[in-house]
Amino acid sequence: LNPRGDDAIDTWEERYGLVFENVVMGVIFLNVVTFALGTVPSIESDTRVTRAFEIFESASVVFFTIEVCLRFWSAPGSDEELHLKDPSFRVRPYWRLRMGYLVS
């Protein structure tokens, strides 16, 4: 909840994050629909539609590759907050945190 106590989105990061998540869900939904339609024999025999589905699939792969790279790039980059709360906590380097995110 924001300081006003309602569920309104206050920051531009939250606003654009919500838009981005909705775009990702939309692309996933369209992938499922095109995959299902691609199995229909009458549609499967139409080469123009099949080519359009292949182009959409290729574009989706590029989109999701960029999404994963952006998520990896924006992964938490520091343990300093944890180190400030507990000085005995060892601060890990950025690359180790991001590799941990990548394999999680």
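# Exercises on a helical chain

Thr34 has its place in helix α1. The model examined in these exercises is a predicted one.

## Exercise 1. The setting of Thr34

Task: Determine whether Thr34 is buried or exposed, and state which residues Thr34 touches beyond four places away in sequence.

Solution.

Step 1. The relative accessibility of Thr34 is 17%. Buried means under 20% relative accessible area.

Step 2. Thr34 therefore counts as buried, at 17%.

Step 3. With residues up to four places away in sequence not counted, Thr34 touches Phe53 and Phe56.

## Exercise 2. The chain as a whole

Task: Describe how many helices and strands the protein chain has, and what part of its residues is buried.

Solution.

Step 1. The protein chain contains five helices and zero strands. Along the sequence, this reads as the pattern α-α-α-α-α.

Step 2. The protein chain has 104 residues, of which buried residues make up 10%.

Step 3. Consider the contacts between residues at least 6 apart in sequence: 40% of these join residues at least 24 apart.

## Exercise 3. Helix α1 and its buried residues

Task: Compare the reach of α1 with its expected span, then identify which residues of α1 are buried and what covers them.

Solution.

Step 1. From its first C-alpha to its last, α1 reaches 37 Å, and it has 26 residues. At 1.5 Å a residue the expected value is 38 Å, and the reach of α1 is close to it.

Step 2. The buried residues in α1 are Val24, Val27 and Thr34. Their cover includes α3.

Step 3. Val27, a residue of helix α1, serves as an example. The relative accessible area of Val27 is 15%, so Val27 is buried.

Step 4. Outside its neighbours within four places in sequence, Val27 is in contact with Phe56, Ser60, Phe63 and Phe64. For Val27 and Phe64, which are 37 residues apart along the chain, the C-alpha atoms are separated by 9.1 Å.

## Exercise 4. The aromatic pairs

Task: State how many aromatic pairs there are, classify the pair of Phe20 and Phe63, and classify the pair of Phe63 and Phe64.

Solution.

Step 1. Rings pair if their centres lie within 6.5 Å. The count comes to two aromatic pairs.

Step 2. The ring centres of Phe20 and Phe63 lie 6.4 Å apart and the planes meet at 40°, so this pair is tilted. The pair links distant parts of the chain, since Phe20 is in helix α1 and Phe63 is in helix α3, 43 residues apart.

Step 3. For Phe63 and Phe64 the ring centres are 5.3 Å apart and the planes stand at 75°, so this pair is edge-to-face. Planes over 60 degrees apart are classed in this way.

Step 4. Through ring pairs, Phe20, Phe63 and Phe64 are linked into a cluster.

Step 5. Accessibility completes the description. Phe20 is partly exposed at a relative accessible area of 31%, Phe63 is partly exposed at 24%, and Phe64 is partly exposed at 22%.

## Exercise 5. Glu67 in helix α3

Task: Decide whether Glu67 is buried or exposed, and name the residues that Glu67 touches beyond four places away in sequence.

Solution.

Step 1. Glu67 is found in helix α3. Its relative accessibility is 9%, so Glu67 counts as buried.

Step 2. Apart from residues up to four places away in sequence, Glu67 touches Phe20 and Val24. Of these two, Phe20 takes part in the cluster with Phe63 and Phe64, and Val24 is a buried residue in α1.

## Exercise 6. The largest pocket

Task: Describe the largest pocket by its space, its lining residues, the helices that supply them and their classes.

Solution.

Step 1. The space in the largest pocket is about 220 Å³.

Step 2. The lining consists of Asn31, Thr34, Phe35, Gly38, Thr39, Ile43, Glu44, Thr50, Phe53, Glu54 and Glu57.

Step 3. At least two lining residues come from each of α1 (12–37), α2 (41–44) and α3 (47–73). The most is given by α3, with four residues.

Step 4. Sorted by class, the lining has three nonpolar, five polar and three charged residues.

Step 5. Thr50, in helix α3, is one of the lining residues. Thr50 is partly exposed, with a relative accessible area of 25%. Aside from neighbours within four places in sequence, Thr50 is in contact with Ile43 and Glu44. Between Thr50 and Gly38, twelve residues apart in sequence, the C-alpha to C-alpha distance is 7.0 Å.

Notes:
Residues are numbered from 1 along each chain as its sequence is written. This is a predicted model: local features need pLDDT of at least 70, side-chain atom pairs count only at pLDDT 80 or more; totals for chains, interfaces and linings use all residues. Side-chain values use heavy atoms; hydrogens and water are left out. On a 1 Å grid over the protein atoms alone, a cavity is a set of points where a 1.4 Å probe fits but cannot get out, and a pocket is an open set with protein on both sides within 12 Å along at least five of seven lines; lining residues have an atom within 4 Å of a point. Grid points are joined across faces, edges and corners, and a volume is the space filled by probe spheres set on the points. Ala, Val, Leu, Ile, Met, Phe, Trp, Tyr, Cys and Pro count as nonpolar, Asp, Glu, Lys and Arg as charged, and the others, Gly among them, as polar. Rings of Phe, Tyr and Trp (its six-membered ring) pair if their centres lie within 6.5 Å; planes under 30 degrees apart count as stacked, over 60 as edge-to-face and the rest as tilted. Buried means under 20% relative accessible area, exposed over 50%, partly exposed in between (1.4 Å probe, protein chains only). The expected span of a helix is 1.5 Å times one less than its number of residues. Contact means heavy atoms within 4.5 Å.
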